[in-house]
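Hi,

Here is the structure I promised to pass along. Have a look at it first, and my notes on what turned up follow below.

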Amino acid sequence: MTLSASDLVQEARSRIREIAPQQAAAAEGCVLVDVREPAEFQTGHLPGAINIPRGVLEFEVEAHPAVANVADPALARKDRPLLVYCRTGGRAALAADALQRMGFSDVRSIAGGIVAWTEAGLPVHNR
Ligand SMILES: O=S(=O)([O-])[S-]
């Protein structure tokens with residue numbers, strides 16, 4: 001049996017936690033991870049977000065300064081709350097699923113991504 005991208009996203013969604021943009025806006029102490037491509041990130045992103053594209057996420061997340069264990073760089077802080085998002089939620093669902101499988105214990109994805117965030121009237125940082 002082969003699966004479509006949509007099937008993969010649905011499967012991931014069954015294993016992850018998604019929260020509404022308003023809940024995400026109220027979340028405190030999370031590392032906010034934009035998993036879109038750098039060019040997308042540059043067109044506007046959530047305030048305070050870091051950009052680790054979906055394609056390199058598994059390879060780079062543990063060493064990112066926002067996640068790394070400074071005292072022992074070999075150990076990422078797997079209990080660090082991570083809040084991931086993309087454009088509409090597909091890539092973020094796959095990203096959240098992968099992060100959980102890597103042992104990150106507090107991962108959430110913003111339902112509907114930055115599109116839903118913007119539609120909810122929440123602020124976007126443009127540079
Ligand atoms: O993957 S996506 O939901 O950003 S199009």
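**Around histidine 45 and phenylalanine 41**

A polar atom in the side chain of histidine 45 lies 3.1 Å from the backbone oxygen of phenylalanine 41. Before I go on, keep in mind that this is a predicted model. Histidine 45 belongs to the loop between helix H3 (38-42) and strand E3 (50-51), while phenylalanine 41 is part of helix H3. Histidine 45 has a relative accessible area of 5%, so it counts as buried. Phenylalanine 41 is buried too, with a relative accessible area of 7%.

Phenylalanine 41 also gives a couple of C-alpha distances to check on your screen. Cysteine 86 is 45 residues away from phenylalanine 41 along the chain, and their C-alpha atoms are 9.2 Å apart. Threonine 2 is 39 residues from phenylalanine 41 along the chain, yet there the C-alpha separation is 32 Å.

**The ligand**

Which residues surround the ligand? They are Cys86, Arg87, Thr88, Gly89, Gly90 and Arg91. By type, that shell splits into 1 nonpolar, 3 polar and 2 charged residues.

Oxygen atoms of the ligand come up in three contacts you can click through:

- Threonine 88 has a side-chain N or O atom 2.6 Å from a ligand oxygen.
- Glycine 90 places a backbone N or O atom 2.8 Å from an oxygen of the ligand.
- Glycine 89 has a polar backbone atom 3.1 Å from a ligand oxygen.

On its own the ligand has 210 Å² of accessible area, and the protein covers 77% of that.

Cysteine 86, one of the residues around the ligand, is in the loop between strand E4 (82-85) and helix H5 (90-101). Buried or exposed, then, for cysteine 86? Its relative accessible area is 1%, and the cut-off for buried is under 20%, so cysteine 86 is buried.

Glycine 89 has a sequence-distant partner as well: alanine 111 is 22 residues apart from it in sequence, with 5.7 Å between the two C-alpha atoms. Alanine 111 sits in the loop between strand E5 (107-110) and helix H6 (113-119). At 26% relative accessibility, alanine 111 comes out as partly exposed.

**Strand E2 and the loop after it**

Aspartate 34 is in strand E2, which spans 31-34. With 0% relative accessibility, aspartate 34 is buried. The side chain of aspartate 34 makes a polar contact of 2.7 Å with the side chain of arginine 36.

Glutamate 37 is in the loop that runs between strand E2 and H3. Its relative accessible area is 40%, so glutamate 37 falls in the partly exposed class. If you want another C-alpha pair to look at, glutamate 37 and isoleucine 52 are 15 residues apart along the chain and 7.9 Å apart in space.

**Rings**

How many aromatic pairs does the structure hold? The count is 0. There is a charge over a ring, though: the charged end of lysine 78 sits over the ring of phenylalanine 104, 5.3 Å from the ring centre.

If you open just one view, I'd pick the ligand with threonine 88, glycine 89 and glycine 90, all of which are in its surrounding shell.

Cheers

Methods:
Residues are numbered from 1 along each chain as its sequence is written. This is a predicted model: local features need pLDDT of at least 70, side-chain atom pairs count only at pLDDT 80 or more; totals for chains, interfaces and linings use all residues. Side-chain values use heavy atoms; hydrogens and water are left out. Rings of Phe, Tyr and Trp (its six-membered ring) pair if their centres lie within 6.5 Å; planes under 30 degrees apart count as stacked, over 60 as edge-to-face and the rest as tilted. A charge sits over a ring if NZ of Lys or CZ of Arg is within 6 Å of the ring centre and within 35 degrees of the ring normal. A residue is near a molecule or strand if one of its heavy atoms lies within 4 Å of it. A polar contact is a pair of N or O atoms within 3.5 Å; within protein, one must be able to donate a hydrogen and the other to accept it, and residues adjacent in sequence count only if both atoms are side-chain atoms. Accessible areas come from the Shrake-Rupley method with a 1.4 Å probe; for residues, only the protein chains shown count as cover. Ala, Val, Leu, Ile, Met, Phe, Trp, Tyr, Cys and Pro count as nonpolar, Asp, Glu, Lys and Arg as charged, and the others, Gly among them, as polar. Helices (H or I, at least four residues) and strands (E, at least two) are DSSP runs, numbered from the N terminus. Buried means under 20% relative accessible area, exposed over 50%, partly exposed in between (1.4 Å probe, protein chains only).
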